[in-house]
Amino acid sequence: MELTDRNAQWRDELRYSMSNKERTEIARVKMNELDGEYRSHNSEEVNQGLTKEQALLEAKRCLDCPNPGCMTGCPVGINIPSFIKNIERGEFLNAAKVLKMTSALPAVCGRVCPQEKQCESQCIHLKMKKPAVAIGYLERFAADYERESGNISLPELAPKNGIKVAVVGSGPAGLSFAGDMAKKGYDVTVFEALHEIGGVLKYGIPEFRLPNSIVDVEINNLEKMGVKFMKDTIVGKTLSFDDIKAQGFKGMFVASGAGLPNFMNIEGENLIGVMSSNEYLTRVNLMGAAKDEFDTPVLKGKRVAVIGGGNTSMDSVRTAKRLGADLAMIVYRRSEDEMPARKEEVKHAKEEGVEFRTLHNPIKYIGDEKGRVKQMLLQKMELGEPDEKGRRRPVAIPGATELVDVDTVIVSIGVSPNPLIPRSIDGLEVSQKGTIVVGDNMQSTIPMIFAGGDIVRGGATVILAMGDGRKAAAEMDSYLKNS
C-alpha cells in the first residue's frame, strides 16, 4: 500500500482518537541539549534529539489540516502532515520514507534549516497563539531513527535513460539536484573542487551543530542511488566546460556556492590575526585544525571578536570558545532583534559564555610592532529608519567610540559568489554581483547550463539551496526530454 494511501486510510482514526482541542493543549516539546559549560569545551553535538516518547507526543500536536500551510513554507515540498502522522502512529521508518520522497538530506535539514521562518511559521497553531508544531525536531527524529535502526531505504528510481548530467559543487543545492536526477533515471556525476564531499555542509558548519558523520550517511545514500562523485576537480580550471561537453554530458547544473568572503575595507584589515569566517571555519571544520593529529595551523586567540550577526558568525564565535578563547564576543552594528541568526543559535552562544556587543561597528584595527592585531576601535551605533528589508538602519553616534583589546578578529559579514565558473564560460550571463543570471526555470543563457543555490542567490540557507536543486532538476528533465 502506498504511504499516501495509508495516511488517508488512517486519517479519521487518528483524528477521532483525540480532539483538536486536546491536541492544542499539549505543550511543545523542548529539545534535549548538552550543558552549556560542558559543551563549550568540545565538539560534541549540542542538540541531542528527541526521545521516542517525546516524538510521539509532539506528533499528536499536528492537527492534520485539510490545507496544510506548513507545506507552503517548505522550499522542497515535504509532505509534512504525512510524515508527522506516521510518527504519531509509531511508523517511524515510514515517516523517513515520506521525507525522502522530496528531500535528499532530511537529517541535515532537521538540524540546520530555519524551520521557524519557513514551515513552522505557517503552522495553524500560531493563529491560536500557541507554539508551532516542532516540525524540524520531528524531521530530525525520523531521519535519525532510520539511520540508527540500520534499515535505511532508498527512494524509488526510474529506469536508467543513459543520459549524462554534470553537477558542479557538492553543497546542498548540488546534492539535492543530484538526488532528484538520479530518481529520474539520469547518469549523474558531481564534480567537487575540495577533497571532501559536502560543500558548505562540511567546511562551513561546525560538528557541534552538524556532525560530519551525518552528512556522510546522506552522501552515501546518494552513492547507493548511483550518483558518482569526483573530488579535487575544479571546473573552470582543471576541467573546462568544453571538457564536460566532450565527455558526453548533456546538461550541467552549477551549484558552486558563494565562497568569496566580504570585508569592510577599513584600516588594519590586513593585520595578522584578522581573517574571514570562511578561512577560519574551513581550517577547523574541513582541515582538522582543532585536532592534535592534524598539522593545519589556526589562530587560537584568547580575545576573539567576530564581526557580524548571522548563523556563520555564531558558528565562528562558538568555535573560538571551543578553541580556548577567554573572551569570545559578537560585534554587531544593529540590535539583537535585527540579527539574522537563528534564535536558537543566539541562545546557545549565550549559554556557552559568548559576549554580545550589539550596536557597535568596527572602524579601525590597530596592530603591534610585529603587525598583529591588538585592538579594535568600535563606533557606537543607534537605530534609525527602516531599510529596504524592513530592518532599522544603524546610525553612528557622533564622537562615541570605544577601544577594545583583541588578538583575533573574524570577519563574518557575508559572502560573494565563486567567480571561477562565471568567468570561464563564454556566453554565460553574470550579474554585477557576480551571480549567474537564470530564468524562472533556473536555466542560464547557455541552454544546457542550469544553476541554483548561492551562485544564483548570492548567499542563502541550506533549504533554499535545496529547493533550487529540486526545481532545476525538474526543469532540466523537461528541457532534455524536449531537446
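Is F450 buried or exposed? In this predicted model, F450 counts as buried, since its relative accessibility is 0%, and following the strand that carries this residue is a convenient way into the structure.

F450 lies in strand β17, which spans residues 449-451 and stands at an edge of a sheet. That sheet is open and has 5 strands in the order β5-β4-β3-β6-β17, with parallel pairing. Because β17 and β5 (228-230), the strand at the other edge, each have a single partner strand, one side of each is left without a neighbour in the sheet. Neighbouring strands of the sheet are turned against each other by 25° on average, when direction is ignored. In general, the strands of a sheet pair through backbone hydrogen bonds, in either a parallel or an antiparallel manner. For β17 the partner is strand β6, residues 249-254, and the two pair in the parallel sense over 3 bridges; within this pairing, M252 has I449 of β17 as its bridge partner.

Helix α19, made up of residues 462-481, packs on the sheet and touches β3 (164-168), β6 and β17, while its direction makes about 160° with that of β6. A pair of rings also joins this helix to the edge strand: F450 and Y479 form a tilted aromatic pair, with 5.8 Å from centre to centre and 55° between the planes. Since F450 belongs to strand β17 and Y479 to helix α19, the pair ties together parts that are 29 residues apart in sequence. The two partners can be set side by side in terms of accessibility, for F450 is buried at 0%, whereas Y479 is partly exposed, with a relative accessible area of 26%.

Helix α19 also leads to the nonpolar interior. The largest nonpolar core has 70 residues, and F83 and I87 are those with the most contacts inside it; the largest share of this core, 8 residues, comes from α19. When neighbours within four places in sequence are left aside, I87 is in contact with A55, L56, A59, F92, A95, L138, F141 and A142. Apart from this core lies another one, of 23 residues, which includes A320, I330, A341 and A349.

Two of the contacts of I87, F92 and F141, lead on to the aromatic residues, for ring pairs link F92, F141 and Y145 into a cluster. The structure holds 6 aromatic pairs, and one of them is formed by F141 and Y145, which are tilted with 35° between the planes and 6.1 Å from centre to centre. Both residues sit in helix α9 (residues 135-149), where, being 4 residues apart, they are separated by about one helical turn. An α-helix has 3.6 residues a turn, so residues three or four places apart point the same way. In accessibility, F141 is buried, with a relative accessible area of 8%, while Y145 is partly exposed at 29%.

A further group of strands is arranged around β9, residues 303-307, a strand that is mostly covered, with 4 of its 5 residues buried. Strand β9 is joined by 5 bridges to strand β10 (residues 327-332), with the two running parallel, and R303 stands opposite L327 of β10. Together with helix α15 (residues 311-322), β9 and β10 make a right-handed β-α-β unit. Strand β9 is also joined to strand β15 (residues 408-411), again in parallel, by 4 bridges, and here the bridge partner of V306 is I410 in β15.

The loop between α14 and β9 contains L299. Helix α14, residues 277-286, is mostly covered, with 8 of its 10 residues buried, among them Y280, L281 and V284, and just after the helix G288 takes a positive phi of about 70°. What is L299 in contact with, leaving aside its neighbours within four places in sequence? The contacts of L299 are G273, M275, Y280, R372 and T408, so that Y280, one of the buried residues of α14, is found among them. L299 itself counts as partly exposed, at 26% relative accessibility. Finally, L299 and T461 are 162 residues apart in sequence, and their C-alpha atoms are 28 Å apart in space.

Terms used: Residues numbered from 1 in each chain as written. Predicted model: local features only at pLDDT ≥ 70, side-chain atom pairs only at ≥ 80, totals over all residues. Heavy atoms only, no water. Pairing = 2+ DSSP bridges. Axes fitted to C-alpha atoms, helices over the stretch in contact; angles between N-to-C directions. Contact = heavy atoms within 4.5 Å. Buried < 20%, exposed > 50% of the residue type's maximum accessible area, 1.4 Å probe, protein only. Right-handed = clockwise from strand over helix to strand, strands pointing away. Core = buried A, V, L, I, M, F, W, Y, C linked by side-chain atoms within 4.5 Å. Phe/Tyr/Trp six-rings, centres within 6.5 Å; stacked < 30°, edge-to-face > 60°.
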